[in-house]
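Reader: I am new to looking at protein models, and I would like to learn how to read one feature at a time. Could we go through the structure slowly together?

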Amino acid sequence: MNMPFDDREGVVVLGGTGSIGRNTLAVLASMPERFRLEAATCRCSLEKLVDLTKDFPFAKLFCAERPQDSTLPDEEAVLELIGSDRVKTVVCAIQGIGALKFVLAALEAGKRVCLATKEVMVAAGEWVTDVARKCGGKILPVDSEHCAVFQCLNGEKKAAMKKIWLTCSGGPFHAHPEVDLHFVTPEQALRHPTWNMGTKITLDCATLMNKALEILEAAWLFGATEEQIGVVIHPQSMVHSMVEYRDGAVLAQCGPTDMKLPIQYCLTHPERCPAFMKPLDFTQAMHWDFLPPDTKRFPALELARKVLRMGGAAGAVFNAANDLALTRFLNHEIAFDEIVQTVAAALESAPRSAPRSFEEIAAAKEQAEKVVAAWR
Ligand code: MG
C-alpha cells in the first residue's frame, strides 16, 4: 500500500514537558495542516509527555532517564532522527548546556533550530554560530527578547543598527530598593511578577542574571558588541525588546505576554500566521514605563559586559558558575547577593580560549564549579 504523500514540515521538540515545550506542542496542534510532530523528548516525565502529545499519535517519544528495560529509543536515535530528511525544524527547549549536542547535530545537518536554550549561546556561542554558518543551519531565537530583536531587524541593513535594547521586567526586587538583597530567601525569590516559568529562570530573573545571560545571547545571535547592547527596565513586559537605528528611529516589538507568539513566529518564519490569544487592547488606557536598571544593586548586568570583554571560555564559566550558585542558594548555603559574587569570582580563572569541544565545555564547567563550591 502506498502511503499518501505528506508534505508537512517535520518537527522535533526537545524538552516537551517544560513551559516552552508545552507551548510549542500547543502551537503545533493548532496548525496540523502545516506541521507534523516527528518526535518529542523529555528528561523524566514520560507520562506527562504521552499526555501532552495525544494529538500526535504518530510522534516518536524519547525519555532521557528511561528505565533500564525500556524499549524506548535512546539519545543516539534522537540525534539520527534530527539529521534525517524527515525533520526540517528542531525546537530546542531543554534547559541547560545538555542541549548543545542536539543543537550542533541539527545545525550540522543544515536544519532550522528554534532555540529557547540561551545557555547554548552563552557557553558555546562562537562554536555554534560557526557551525551554523559553515553547514547552512539557521538559528531562530525563541527567547522573547531576542525574537523581538530578530523581528525589529527584519529587512534592515546590519550596518544601520546602532543599539539593541533588551527589555527587562526587573524581577520581584528591582522596584523595591528597601529590600536588602543579602536577606532574600528562596521563597521570596521564586515569586515573579509577570511571567510564570520554571525555578531556574525565575531565580535568574530575580538576580537579573537572566538579562545578563540574554546580553551574551544577543551578542552571538546578532553579532553585536558590548556597546551595542543596552538593558531597559520595563515592568509591564509588553515591549519585548527594541532596536535603535543610526538615524535615531527605534523599532519596538510589542504584544501579549504569551510565549506561543515567539514560538509560532520562529516556526512559521518568514510568514506570520493567525494566533489565538488575547491581543493587546489599545482601546483601553494603559501606560508603559521604561527606566534604567540599578546596576549597583544588580551587578549581574555589568558582569555580562565583562564576560564579553574577556571572551574565551568566560561565557561557559559564567553559565556553569551561575547554575551551581543557584543550587547552593536554594540549599540555603549562600546568600542571594552572593549568587552573582560567586559567579564573578569564578570568572577570574576562566580558560582563555573559546570552547570548541565538549571536553573544553566540561573543563570550563569543572573550573567554575570548583570556585563556587569553595565559596565560604
Ligand atoms: Mg527572555
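Author: Let us begin with burial: a residue counts as buried when its relative accessible area is under 20%, and Thr 17, with a relative accessible area of 11%, is therefore buried. Please keep in mind throughout that this is a predicted model.

Reader: Where does Thr 17 sit, and which residues does Thr 17 touch?

Author: Thr 17 is found in the loop between β1 (9–14) and α1. Setting aside residues up to four places away in sequence, Thr 17 touches Arg 22, Thr 41, Cys 42, Ser 45, Lys 48, Leu 49 and Leu 52.

Reader: Is Lys 101 buried, partly exposed or exposed?

Author: The class between buried and exposed runs from 20% to 50%, and Lys 101, with a relative accessible area of 29%, is therefore partly exposed. Lys 101 lies in helix α4 (residues 100–108), and, not counting residues up to four places away in sequence, Lys 101 touches Glu 75, Leu 79 and Phe 358. As for distance, the C-alpha atoms of Lys 101 and Asp 337 are separated by 33 Å, and the two residues are 236 residues apart along the chain.

Reader: What can be said about Val 232 in the same manner?

Author: Val 232 belongs to strand β8 (residues 229–233), and its relative accessible area of 11% is the reason why Val 232 is called buried. Beyond residues up to four places away in sequence, Val 232 touches Trp 165, Leu 166, Thr 167, Cys 168, Met 242, Phe 290 and Leu 291. Between the C-alpha atoms of Val 232 and Ala 320, which are 88 residues apart along the chain, the separation is 26 Å.

Reader: How should I think about a nonpolar core, and which residues touch the most other members of the largest one here?

Author: The general idea is that, in soluble globular proteins, nonpolar side chains tend to be buried together. Here the largest nonpolar core has 118 residues, of which Val 128, Leu 267, Phe 318 and Phe 336 touch the most other members. If we leave aside its neighbours within four places in sequence, Phe 336 is in contact with Phe 173, Leu 181, His 182, Val 184, Ala 189, Ala 206, Thr 207 and Phe 329.

Reader: Which residues are buried in helix α13, and what do they pack against?

Author: In helix α13 (residues 336–347), the buried residues are Phe 336, Glu 338, Ile 339, Val 340, Thr 342, Val 343, Ala 346 and Leu 347. The buried residues of α13 pack against α7 (186–189), α8, α9, α11, α12 (314–330) and α14. You can compare this with α10, which is mostly covered, seven of its nine residues being buried; among them are Tyr 265, Cys 266 and Leu 267.

Reader: How do I read a metal site, and which residues coordinate the magnesium ion?

Author: One looks for the atoms that coordinate the ion and then asks where their residues lie along the chain. The magnesium ion is coordinated by Asp 143 (OD), Glu 145 (OE) and Glu 214 (OE), at 2.1 Å, and these donors follow the spacing D-x1-E-x68-E along the chain. Distant parts of the chain are linked in this way, since Asp 143 is in the loop between β6 (138–141) and α6 (144–152), while Glu 214, 71 residues apart from Asp 143, is in helix α9 (residues 209–222). Asp 143 counts as buried because its relative accessibility is 9%, and Glu 214 counts as buried because its relative accessibility is 1%.

Reader: What should I look for in the backbone itself?

Author: Most residues other than glycine have a negative phi, and most peptide bonds are trans. In this model, a cis peptide bond with omega of about 5 degrees joins His 269 and Pro 270, and Pro 270 lies in the loop between α10 (260–268) and α11 (300–310). A positive phi, near 70 degrees, is found at Leu 208, in the loop between α8 (199–207) and α9, and Arg 376 also has a positive phi, near 75 degrees.

Reader: Are Leu 208 and Arg 376 buried or exposed?

Author: Leu 208 counts as buried, because its relative accessibility is 1%, whereas Arg 376, in the segment after α14 (358–374), counts as exposed because its relative accessibility is 65%.

Key:
Residues numbered from 1 in each chain as written. Predicted model: local features only at pLDDT ≥ 70, side-chain atom pairs only at ≥ 80, totals over all residues. Heavy atoms only, no water. Donors = N, O, S within 2.8 Å, 3.2 Å for Na, K, Ca; no water. Helix = DSSP H or I, 4+ residues; strand = E, 2+ residues; numbered from the N terminus. Buried < 20%, exposed > 50% of the residue type's maximum accessible area, 1.4 Å probe, protein only. Core = buried A, V, L, I, M, F, W, Y, C linked by side-chain atoms within 4.5 Å. Contact = heavy atoms within 4.5 Å.
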